[in-house]
Amino acid sequence: MSAIQTTVVLAMTADGKISAVDPKAPREPDVVDQAHLEYQASLADLLLVGAGTIRAEGGTFTIRDPELLAAREVRGQSPQPITCVVSASLNLSPDLPFLSQDIERWIFTTRTGLQRSSDTTTLQKLAELIDLGDTDLDWDRAYTLIAERGLHKVVALGGGSLTAALVQAGRIDDWWLTIWPVIYGGKHAPSPVEGEGFVPNTAPHLQLIETRQVGSDLFLHYRTVK
C-alpha cells in the first residue's frame, strides 16, 4: 500500500448502474447513502471527480455535518477537502457552480487541453490547472504532486472513466460500494468502471473486508488485492 491511501466511494443499482440513461433525471435522495458518502468524504485530503460527473452534477460534495467538520479540525485538515476535477480535454464551462464553491479547486488536465480550450485563461483564475502530460494524464506524476503537497488520503467519487483510469494505474487501495435496491437497466447507462475493460486472467481482484446493511441499502467494503 502506498503512502497515499486511495479509496473509491460510489453507489450503484442492483444491476450495476451508477446513473440512469439520462444522468440528469430526477431521483429521490438516499439519506442513508448520503450520510455514508459524507463520512467517507470527510476523511479525505483530496477528492477526485471526473469531468463528466461534475458537468452532470454542477457542484462537488461538501462536508456539512458539524461533528465531521470538528473531527477534520482535530486531525489538522482544512474544513473542506480539496476537490480535483479530472479533465484531459479541459472541457469545463467557467459557469459551473463548482467553480464558485468555497473550496480549494484543482483541475488535472493535459498540455493539449490547456492549448485547445477557449476558456483556459478564465479557468486559471478559478482553479489551479495542473498539466499532467501532452495528451494523456500521467498518474505517476499526479501522485508525486499529491505527495509533495503533503496529502495522504484521496477519495475518488467517479465516474466510470476516472475509476477505470485509477484501476489501470494501480492506484486504488480500497472500495466502498453502496448497492441501491433498484434496477435502472439500459445498455447505455454508465457503470462504475468503464474504459476498455479487463479479461478475466488480468482483472483486478478484491477482498471483502466489511459489510453493512441499513434497510435495503447494502454497503460493501473491499480491499484491492495487490
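This is a short dialogue about reading the sheet, a helix, the cores and one loop residue in a predicted model.

Trainee: Where should I start with the sheet, and in which order do its strands lie?

Mentor: Start with the pairing idea: strands of a sheet pair through backbone hydrogen bonds, either parallel or antiparallel. In this predicted model, 9 strands make an open sheet, ordered β5-β4-β3-β2-β6-β1-β7-β9-β8, with mixed pairing. Its edge strands, β5 (128-131) and β8 (206-214), each pair on one side only. On average, neighbouring strands are turned by 20° against each other, direction ignored.

Trainee: Could we look at one pair? How many bridges join β2 to β6, and are the two strands parallel or antiparallel?

Mentor: Strands β2 (residues 46-50) and β6 (residues 153-156) run parallel and are joined by 3 bridges. To find the register, take L47, whose bridge partner in β6 is V155.

Trainee: Now the helices. Which residues of α6 are buried?

Mentor: A useful idea first: an α-helix has 3.6 residues a turn, so residues three or four places apart point the same way. In helix α6 (residues 139-148), the buried residues are W139, A142, Y143, L145 and I146. They lie on the same side of α6 because they cover an arc of only 155° around the axis.

Trainee: What happens at the two ends of α6?

Mentor: At the N-terminal end, D138 acts as the cap, with a side-chain oxygen 3.0 Å from the backbone nitrogen of D140. Just after α6, G150 has a positive phi of about 80°.

Trainee: Which strands does α6 lie across?

Mentor: Helix α6 lies across β1 (5-13), β2, β3 (82-86), β4 (105-109), β5 and β6, and runs at about 155° to β4. Compare helix α7 (residues 160-168), which lies across β1, β2, β3, β6 and β7 (174-180) and runs at about 115° to β2.

Trainee: Which residues touch the most other members of the largest nonpolar core?

Mentor: Of its 30 residues, those are L46, L48, W106, F108, W139 and I146. Helix α6 supplies the largest share of this core, 5 residues. Another core, of 25 residues, lies apart from it and includes L47, V85, L96 and L99.

Trainee: One last residue: is Q77 buried or exposed?

Mentor: Q77 sits in the loop between α3 (66-74) and β3. Its relative accessible area is 15%, so Q77 is buried, the cut-off being under 20%. For a polar partner, look at D45: the side chains of Q77 and D45 make a polar contact (3.0 Å). Beyond residues up to four places away in sequence, Q77 touches S42, L43, A44, D45 and R72.

Definitions and conventions. Residues numbered from 1 in each chain as written. Predicted model: local features only at pLDDT ≥ 70, side-chain atom pairs only at ≥ 80, totals over all residues. Heavy atoms only, no water. Buried < 20%, exposed > 50% of the residue type's maximum accessible area, 1.4 Å probe, protein only. Helix = DSSP H or I, 4+ residues; strand = E, 2+ residues; numbered from the N terminus. Arc of directions from axis to C-beta. Polar contact = N/O pair within 3.5 Å; in protein donor to acceptor, adjacent residues only side chain to side chain. Pairing = 2+ DSSP bridges. Axes fitted to C-alpha atoms, helices over the stretch in contact; angles between N-to-C directions. Contact = heavy atoms within 4.5 Å. Core = buried A, V, L, I, M, F, W, Y, C linked by side-chain atoms within 4.5 Å.
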